[in-house]
Amino acid sequence: MIREHREDVIKLSLSAVLFAAALIIPSEGPLRLAVFAIPYLIAGYEVLWSAVRSIFKGEIFDENFLMALASIGAFCIGEYPEAVAVMLFYGVGELFEHIAVGKSRKSIAALMDIRPDYAVVLRSGTEEKVSPAQVNVGETVIVRPFEKIPLDGTIIEGETSVNAAALTGESLPVDKKTGDAVMSGSINLGGMIKVVVKSPYSESTVAKILELVENASSKKARQENFITRFARYYTPCVVVGAALLAFVPPIFFSGDISEWVRRALIFLVVSCPCALVVSVPLSFFGGIGGASLRGILIKGSNYLEALSRVKTVVFDITGTLTAGSFKVVAVHPELVSPDELLEIAAAAESFSNHPIAESIVSAHGKDIDKSRFGEVSELPGRGIKAVIDKKTVWVGNCTLMEEAGSDWHECELSGTAVHISIDGKYMGHIIISDELKSDAKNAISALSETGVKRIALLTGDMKKVGESVAHELSIDEVYSELLPAGKVEKVEELLSEKIAGSTLAFVGDGINDAPVLSRADIGIAMGALGSDAAIEAADIVLMDDKPSKIVTALA
């Protein structure tokens, strides 16, 4: 409990004790007024002062005005206990409300803690401690154990583990080595590392997260806008209604004016809209805060509201449902063993830094004797031609096999086929494919259980690849070989077919997904590996790239 809350507890407790004493102590006339006025002022001073300030600002009809009018009216008709009780109970209600708001703000405050205070940058061989905003792209920063990583960059020296829980919601530390990317706001848990900065602080992960969270409340949901408008008209209607209730019956029906004024004051008290006005924004704020604690950034409460009506979810494939990294999934030899075929391909590809080449070398996993090599040529768009042990080895696609005069053939498996030929003889092929994310299958099945009626895949990949992923995830609807404009057209078609009153969410990660992320009712981007364009265009960002977080967001 913060100091302000403790002060409120003391103030309300003192008022309650004095109120109880006033009820017990026998008193009459001015003394009775005084013993009840003291607890009344202690509990209600802030309400009365707020009402006065609002009147001078021209904002008369709010809950403070109602409470002041009702309680002062109660004093006027001699119902002193009623007046004190109104202020006391109102104060207790406000205290609970403030505590609830404080709890919902905890996760936002935790995000504020990820803001790095300084950066240690290497300049002319010496260390300088500066503001992260003063570090330029390309400079090297030093991050020691238990310091926050100040800017996004790549490790050029050292190994460590980093805690990125505040960014991604992932509680386990992640191991990082030379060449790995690190995000600003994460905490270095291991040894000292040197990081070369790849983006300025204003474009860093931590700056974007803080900006998204801070601006989320400016985008109000439909219910919030309705409640705000409702209170503007509701409060004066209540005041007018109370006035009519107080004076119409006595004037036209010969009623007791003091009794009807008392009833009008009761009507004012029970009609106060403060709980109604607070409840909706507090719910959305709690939802946004709870989501951010789990690594889900929702850019506004209007998007949180739209999530509750999602019935159609459309996924991009590469980098969204798949890991976005190549892996050897099959080795099909013709004239040699699988190990020999993989060794030949790895030897030739060891001279290339292409992702496919790296995946083959990684699958081989053994040292390669470079003394066996003669001339090596990388043929853009086709593959590698290398002389190994005085034999000409061709490793690449079908076009390269045609050049080599090799009798190659297609593979029944989906994925990228890398063919191998030696001196024109076809040795076989290796299938490279993007592997599914570990939680992709569970995410799809869980979405169906949450009430999502339609799940579809959109991809720029070949039809064979799209259908393979769809089959593995048990998704019936897949549209392949789509350019960015084609994805937008398909989403517009799906939008026209959606259930009335429902919303469509598109999940993607690449630059080519930015247009369709903007076009969908809700755009959901992968934040860790996703492109800046996709994150900027999206309404919701998943900081750890796990598709299962969509289910968490819906919950």
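This report covers the second largest pocket and the packing of helix H12 on helix H13 in a predicted model.

Residues are numbered from 1 along each chain as its sequence is written. Local features need pLDDT of at least 70, side-chain atom pairs count only at pLDDT 80 or more, totals for linings use all residues, and side-chain values use heavy atoms without hydrogens and water.

The second largest pocket holds about 580 Å³ of space. Its lining is formed by 28 residues, and Ile 356, Gly 396, Asn 397, Thr 416 and Ala 417 lie nearest its centre. Strand E16 gives the most to this lining, with 4 residues. Helix H13 is among the elements that supply at least two residues of the lining.

H13 (355-364) also meets H12 (residues 338-349): their axes come within 8 Å and cross at roughly 130 degrees. H12 is therefore oblique to H13 (outside the classes under 35, over 145 and 65 to 115 degrees). On the H12 side, Leu 342, Glu 343, Ala 345, Ala 346 and Glu 349 make the contact (heavy atoms within 4.5 Å), and on the H13 side Ala 357, Ile 360, Val 361, Ala 363 and His 364 do.

| Residue set | Nonpolar | Polar | Charged |
|---|---|---|---|
| Lining of the second largest pocket | 14 residues | 9 residues | 5 residues |
| Contact of H12 with H13 | 7 residues | 1 residue | 2 residues |

A pocket is an open set of points on a 1 Å grid where a 1.4 Å probe fits, with protein on both sides within 12 Å along at least five of seven lines; lining residues have an atom within 4 Å of a point. Helices (at least four residues) and strands (at least two) are DSSP runs.

Note on methods
Grid points are joined across faces, edges and corners, and a volume is the space filled by probe spheres set on the points. Ala, Val, Leu, Ile, Met, Phe, Trp, Tyr, Cys and Pro count as nonpolar, Asp, Glu, Lys and Arg as charged, and the others, Gly among them, as polar. Axes are lines fitted to C-alpha atoms, for helices over the stretch in contact, and angles run from 0 to 180 degrees between N-to-C directions.
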